[in-house]
Amino acid sequence: MLLQVLGTAAGSGIPSGTARAPDAPGHAQFHWRRRHASLAVRTGEGRWYLVNATPDLGDQIEAYPALHPGPGRRQTPVAGLVLTDAELDHTTGLTRLREAHDGLEVFATAPVRQAIRDRLRLDTVLAPYTDVAWHDLPVRGSAPLGAADGGEGLRGSALPVSGKRPRYAAEEPDDEEWAVALRLYDPATGASVLYAPALAAWPDHLHRAAAEADCVIVDGTFWDEEEPRRAGVCDHTATGMGHLPVAGPGGTAALLAPLTARCLYTHLNNTNPLVDPDAPQHKQLARLGLEVAHDGMVIQL
Ligand code: MLT
Ligand code: MN
């Protein structure tokens, strides 16, 4: 399985109005620049699926030659998408794919599809431009992603990790599938990866999947539980905002450290000390065998 990390920042982006790179020597802007959290996964020769569609999607495609349009006019190697939630930082990029000549396959859980249809109305908006086939991302069982040309493609399944819905969908009903971890499985090699950019809890089913995975890429929005309050982001704790913190009691670092999988953090908020490449917190994670993903990272499993 081949994964291309397209971006690693939370919704407000890095840098943002509140987190500019300092002008100090050694702090080149590119060290700090992170695009919105997203991943591309190769599902076959010249075929890719994106995990989430960020507002940066145009730049992200531009930055990675394997995703550039072609070979024919209005053709794209991006054959489909999987959405882990309906948040604006993970869905609004869908409009950038409206020129996909051969149509798009989009996989998401039922509440996410409903929010996109009834609140964002993206299905109606996209329909005149390209054929989007909306599919369920199943919690039980798995969906085939990108099988083509005799290849098997990958399998994708959802593991519920948060009932937090986007603010624009506040009136939609409760559902445990508002935000899920995506499990990608390669039947050809047996490799599996878990991708969870929004993690409000660490349920048993996620723990079991993480224990079997080769790679786990999870929510690194906040370093510690008090960070959003301390930084004046809002009155909630990290967990209260739907993001388990990295450090401290109940933090994900302690949960990830015993795993045999390669573990990385993504979806970093601009208040997280990890956005500074020289921050001592990187060494703290490295001692636990944990990494921070960066834009452009290639992961081969
Ligand atoms: C989140 O990750 O919690 C959301 O993206 C926040 C938001 O966009 O408002
Ligand atoms: Mn987000």
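This tour goes from the ligand to the pocket around it, then to a second pocket and two backbone details; the model is predicted.

**Stop one: ligand 1.** Select ligand 1 and show the residues around it. Its surroundings consist of E87, D89, K164, R167, H243 and H267. By class, this shell holds four charged residues, two polar ones and no nonpolar ones.

Next, display the side chains of D89, K164 and H267 and look at their polar atoms. In the side chain of K164, an N or O atom is 2.8 Å from an oxygen atom of ligand 1. For D89, an N or O atom of the side chain is 2.9 Å from a ligand 1 oxygen. H267 has a polar side-chain atom 3.3 Å from an oxygen of ligand 1. On its own, ligand 1 has 270 Å² of accessible area, and the protein covers 73% of that.

**Stop two: the largest pocket.** Keep ligand 1 in view and add a surface for the protein. Which pocket does ligand 1 take up? The space that ligand 1 occupies is the largest pocket. This pocket contains about 780 Å³ of space. Its lining is made up of 32 residues, and E87, K164, R167, M241 and H243 are the closest to the centre. Of these, E87, K164, R167 and H243 were already selected around ligand 1.

Colour the lining by class: 15 residues are polar, 11 are nonpolar and six are charged. Then select residues 88–91, which form helix α3. With three residues, α3 gives the most to the lining of the largest pocket.

**Stop three: the second largest pocket.** Hide the ligand and select I61, P69, R96, L97 and E99. Among the 15 residues lining the second largest pocket, these are the closest to its centre. The space there comes to about 360 Å³. Coloured by class, the lining shows six nonpolar, five charged and four polar residues.

**Stop four: the loop between α2 and β4.** Select G70 and P71 and show the backbone. The peptide bond joining G70 to P71 is cis, with omega at about -5 degrees. P71 lies in the loop that runs between α2 (57–63) and β4 (78–82).

**Stop five: the loop between β3 and α2.** Finally, select N52. What is the sign of phi at N52? Phi is positive, at about 80 degrees, although N52 is not a glycine. N52 is placed in the loop between β3 (47–51) and α2.

Conventions:
Residues are numbered from 1 along each chain as its sequence is written. Chains are lettered from A and ligands numbered from 1 in the order in which they are written. This is a predicted model: local features need pLDDT of at least 70, side-chain atom pairs count only at pLDDT 80 or more; totals for chains, interfaces and linings use all residues. Side-chain values use heavy atoms; hydrogens and water are left out. A residue is near a molecule or strand if one of its heavy atoms lies within 4 Å of it. A polar contact is a pair of N or O atoms within 3.5 Å; within protein, one must be able to donate a hydrogen and the other to accept it, and residues adjacent in sequence count only if both atoms are side-chain atoms. Accessible areas come from the Shrake-Rupley method with a 1.4 Å probe; for residues, only the protein chains shown count as cover. On a 1 Å grid over the protein atoms alone, a cavity is a set of points where a 1.4 Å probe fits but cannot get out, and a pocket is an open set with protein on both sides within 12 Å along at least five of seven lines; lining residues have an atom within 4 Å of a point. A molecule sits in a cavity or pocket if more than half of its atoms lie within 2 Å of its grid points. Ala, Val, Leu, Ile, Met, Phe, Trp, Tyr, Cys and Pro count as nonpolar, Asp, Glu, Lys and Arg as charged, and the others, Gly among them, as polar. Grid points are joined across faces, edges and corners, and a volume is the space filled by probe spheres set on the points. Helices (H or I, at least four residues) and strands (E, at least two) are DSSP runs, numbered from the N terminus.
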